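Dear colleague,

Please find the structure below. My notes on its cavities, its pocket and one helix follow.

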Amino acid sequence: MNLKIGIVGLPNVGKSTLFNALTNAGALAANYPFATIEPNVGIVPVPDERLDVLAKMYDTDKVVPATVEFVDIAGLVAGASKGEGLGNKFLAHIRECQAICHVVRAFKNDDIVRADNKPEDDIIKQAKDDIDIINLELQLADEETRAKIAAKRKKDPTDEFIPYLTDKPVIYMFNVDEQGLTDQVLQNKLRQLISANNHQAIFVNAKLEEEMSGMSREERKEFLASYGVSNDALGELIKAAYATLGLQSFLTAGKKECRAWTIKKGSTAPEAAGTIHTDFERGFIAASVCKFDDLARLGSEKAVREAGLLRTEGKTYVMQDGDVVEFKFNV
């Protein structure tokens with residue numbers, strides 16, 4: 001399955017800068033509202049060090065990670081649902097996403113104007129106000145959608161279902177300054193703003209993320225460690241998205257290709273096979289399964305088999321994160 005996340009937020013919260021850092025797509029980032037006029041889209045590989053281990057073990061020709069698609073949606077303002085700013089046409093792009101990443105400004109910088117032109121005052125209060133504005137605009141847009149759907153269904157009761165924006169899971173990404181990356185007091189106060197709905201919170205610094213563009217994985221780790229942080233924004237966001245949406249990955253490995261596949265938690269072996277090809281699900285016979293940790297520890301598929309840790313599973317087997325699988329099928 002393809003994971004698609006819409007990135008929203010008020011203008012000048014660091015949204016496009018973070019999008020650039022996440023995707024290296026070079027989206028325009030400027031110190032004025034609506035620098036993002038069309039939604040920028042970037043498809044990014046999901047970091048997964050397990051693939052590196054498998055690729056070396058199988059001497060594979062190709063590594064194919066799972067991917068996530070980010071859609072950077074133009075900064076909304078109060079009144080967007082009624083046509084203010086760029087209006088609500090961009091809300092349609094959110095409907096296509098499985099989750100929303102709401103970027104919230106949680107730093108003070110008088111050189112970067114706020115969307116409401118108010119002076120920097122109380123970070124927590126202003127973050128709450130910004131969250132409330134976006135939430136209200138999504139609610140108002142949904143009310144308009146409900147009215148349109150009700151009118152259409154009077155004419156055609158079979159009219160297709162349209163997902164409501166407020167039904168989508170939200171992950172809050174607070175853009176903090178360098179000190180805020182390790183300021184637990186500040187982070188706990190910001191978490192309290194979203195605690196009522198049990199949303200996930202991520203704390204990042206957009207400028208540091210931008211500085212890491214082009215760095216290797218090891219260089220990024222060293223750079224972040226110097227600020228007391230272990231994971232970059234991409235890793236944190238994907239981890240939060242997988243947890244929020246109930247997703248996990250299974251792996252396939254061989255000389256030709258090592259690959260990660262994203263599935264829903266609770267998926268059966270045939271359903272997982274269907275993510276590779278519908279014929280695999282239709283003609284599913286069995287699955288040879290082992291745990292990645294066992295494979296990595298023992299060093300080869302042969303050793304796993306000899307240790308009795310390579311299992312044959314049938315149609316009722318529920319897939320686990322990190323399963324390394326070979327499907328047997330007949331069509």
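The lining of the largest cavity has seven nonpolar, two polar and three charged residues. Here Ala, Val, Leu, Ile, Met, Phe, Trp, Tyr, Cys and Pro count as nonpolar, Asp, Glu, Lys and Arg as charged, and the others, Gly among them, as polar. This is a predicted model, in which local features need pLDDT of at least 70 and side-chain atom pairs count only at pLDDT 80 or more, while totals for chains, interfaces and linings use all residues. Residues are numbered from 1 along each chain as its sequence is written, and side-chain values use heavy atoms, without hydrogens and water.

The largest cavity (on a 1 Å grid over the protein atoms alone, a set of points where a 1.4 Å probe fits but cannot get out; lining residues have an atom within 4 Å of a point) has a volume of about 50 Å³. Its lining includes Leu181, Phe203 and Glu236.

The largest pocket (an open set with protein on both sides within 12 Å along at least five of seven lines) has a volume of about 1,000 Å³. Of its 37 lining residues, Val46, Pro47, Asp48, Leu234 and Gly235 are the closest to its centre. Helix α8 (helices are DSSP runs of H or I, at least four residues, numbered from the N terminus) gives the most to this lining, with five residues.

Helix α1 (residues 15-23) is largely enclosed by the rest of the structure, because nine of its nine residues are buried (under 20% relative accessible area, 1.4 Å probe, protein chains only). Asparagine 24, with a positive phi near 55°, follows α1.

Yours faithfully

Note on methods: Buried < 20%, exposed > 50% of the residue type's maximum accessible area, 1.4 Å probe, protein only. Helix = DSSP H or I, 4+ residues; strand = E, 2+ residues; numbered from the N terminus. Points joined across faces, edges and corners; volume = space filled by probe spheres on them.
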